[in-house]
Amino acid sequence: MPSLHWWRTVFVLIPVIGVYTIVLGTLSLASTFVDRAGTFAHRCARWWAGLILVTSGVRTSLRGADLPPADRSCVFVANHASFYDIPIIFTTVPRQLRILAKASLGRFPFIGWHLQRSGHLLVDRQNPGASIFKKMQRLTAQ
């Protein structure tokens with residue numbers, strides 16, 4: 001007999017998080033047709049991430065060095081030690097964030113469209129320099 005956690009995950013967490021993802025993902029994707037800077041899309045990502053953490057009962061706390069000043073660029077890295085890396089980064093880092101993701105995700109309907117339209121960087125693992133160079137060219141042309 002599966003444990004209570006299994007039942008909760010399958011019949012509560014997965015469906016509820018699926019609804020968050022569909023609703024906020026649709027709002028976020030639609031917003032990219034008006035807001036090319038991705039400000040509202042990022043806000044949707046923060047709401048999505050926060051709802052996932054609350055629903056799952058995950059609490060976070062910040063420790064360590066202070067963040068660099070907001071006017072400076074920086075890179076935040078997650079090692080994907082869990083499924084919560086992205087939601088935790090989106091909820092705890094008080095900055096506009098963009099994700100570095102493998103280019104193959106760009107071929108999936110909806111998620112690929114969203115990643116491309118909201119300014120995330122898709123990198124071809126076989127030729128990472130070319131992917132970044134193309135993205136930089138598109139950004140400087142706008």
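How are α1 and α2 oriented with respect to each other? Let's start there. Quick reminder before we do: what you see on the screen is a predicted model.

Okay, the helices. Two packed helices are described by the angle between their axes and the distance between the axes. For helix α1, residues 4-31, and α2, that angle is about 170°, and the axes sit 9 Å apart. Anything over 145 degrees counts as roughly antiparallel, so α1 and α2 are roughly antiparallel to each other.

Who is doing the touching? On the α1 side there are Arg 8, Leu 13, Val 16, Ile 17, Tyr 20, Thr 21, Leu 24, Leu 27, Ser 28 and Ser 31. They meet Phe 40, Ala 41, Cys 44, Trp 47, Trp 48, Leu 51, Ile 52, Thr 55 and Ser 56 in α2. Sort the residues of that contact by type and you get 13 nonpolar, five polar and one charged.

If the spacing of those numbers caught your eye, here's a handy bit of background. An α-helix has 3.6 residues a turn, so residues three or four places apart point the same way.

Let's stay with α2 and pick out two residues. Is Ser 56 buried or exposed? Ser 56 has a relative accessibility of 14%, and the cut-off for buried is under 20%, so Ser 56 counts as buried. Leave out residues up to four places away in sequence, and Ser 56 touches Arg 8, Leu 13, Ile 17 and Tyr 84. The other one is Cys 44, which is buried at 1% relative accessibility.

While we're on cysteines: Cys 74 is partly exposed, with a relative accessibility of 31%. And how many disulfides does a search of the whole structure find? Zero.

Now the other partner of α2. Helix α2 runs over residues 39-56 and helix α3 over residues 85-92; their axes come within 8 Å and cross at roughly 120°. That makes α2 oblique to α3, and the crossing is left-handed. From α2, the contact uses His 42, Ala 45, Arg 46, Trp 48, Ala 49, Gly 50, Ile 52 and Leu 53. From α3, Ile 86, Pro 87, Ile 88, Phe 90 and Thr 91 take part. By type, the residues of this α2 and α3 contact come out as nine nonpolar, three polar and one charged.

Which residues of α3 are buried? Asp 85, Pro 87, Phe 90 and Thr 92 are. Part of what covers the buried residues of α3 is α2.

Two last stops, further along the chain. Strand β1, residues 100-102, holds Ala 101. Ala 101 is buried, at 11% relative accessible area, and touches Leu 121, Leu 122 and Val 123, again skipping residues up to four places away in sequence. Remember Ser 28 from α1? Ala 101 and Ser 28 are 73 residues apart in sequence, and their C-alpha atoms are 18 Å apart in space.

Then there's Gly 112, in helix α4, residues 111-117. Gly 112 is buried, and its relative accessible area is 0%. With the same kind of skipping, up to four places in sequence, Gly 112 touches Leu 105 and Gly 106. As for Phe 90 in α3, the C-alpha atoms of Gly 112 and Phe 90 are separated by 19 Å, with their positions 22 residues apart along the chain.

That's my tour, thanks for listening.

Note on methods. Residues are numbered from 1 along each chain as its sequence is written. This is a predicted model: local features need pLDDT of at least 70, side-chain atom pairs count only at pLDDT 80 or more; totals for chains, interfaces and linings use all residues. Side-chain values use heavy atoms; hydrogens and water are left out. Axes are lines fitted to C-alpha atoms, for helices over the stretch in contact, and angles run from 0 to 180 degrees between N-to-C directions. Helices (H or I, at least four residues) and strands (E, at least two) are DSSP runs, numbered from the N terminus. Angles under 35 degrees count as roughly parallel, over 145 as roughly antiparallel, 65 to 115 as roughly perpendicular and the rest as oblique. A crossing is left-handed if the near helix is turned anticlockwise from the far one by less than a right angle, and right-handed if clockwise. Contact means heavy atoms within 4.5 Å. Ala, Val, Leu, Ile, Met, Phe, Trp, Tyr, Cys and Pro count as nonpolar, Asp, Glu, Lys and Arg as charged, and the others, Gly among them, as polar. Buried means under 20% relative accessible area, exposed over 50%, partly exposed in between (1.4 Å probe, protein chains only). A disulfide is a pair of cysteine sulfur atoms within 2.5 Å.
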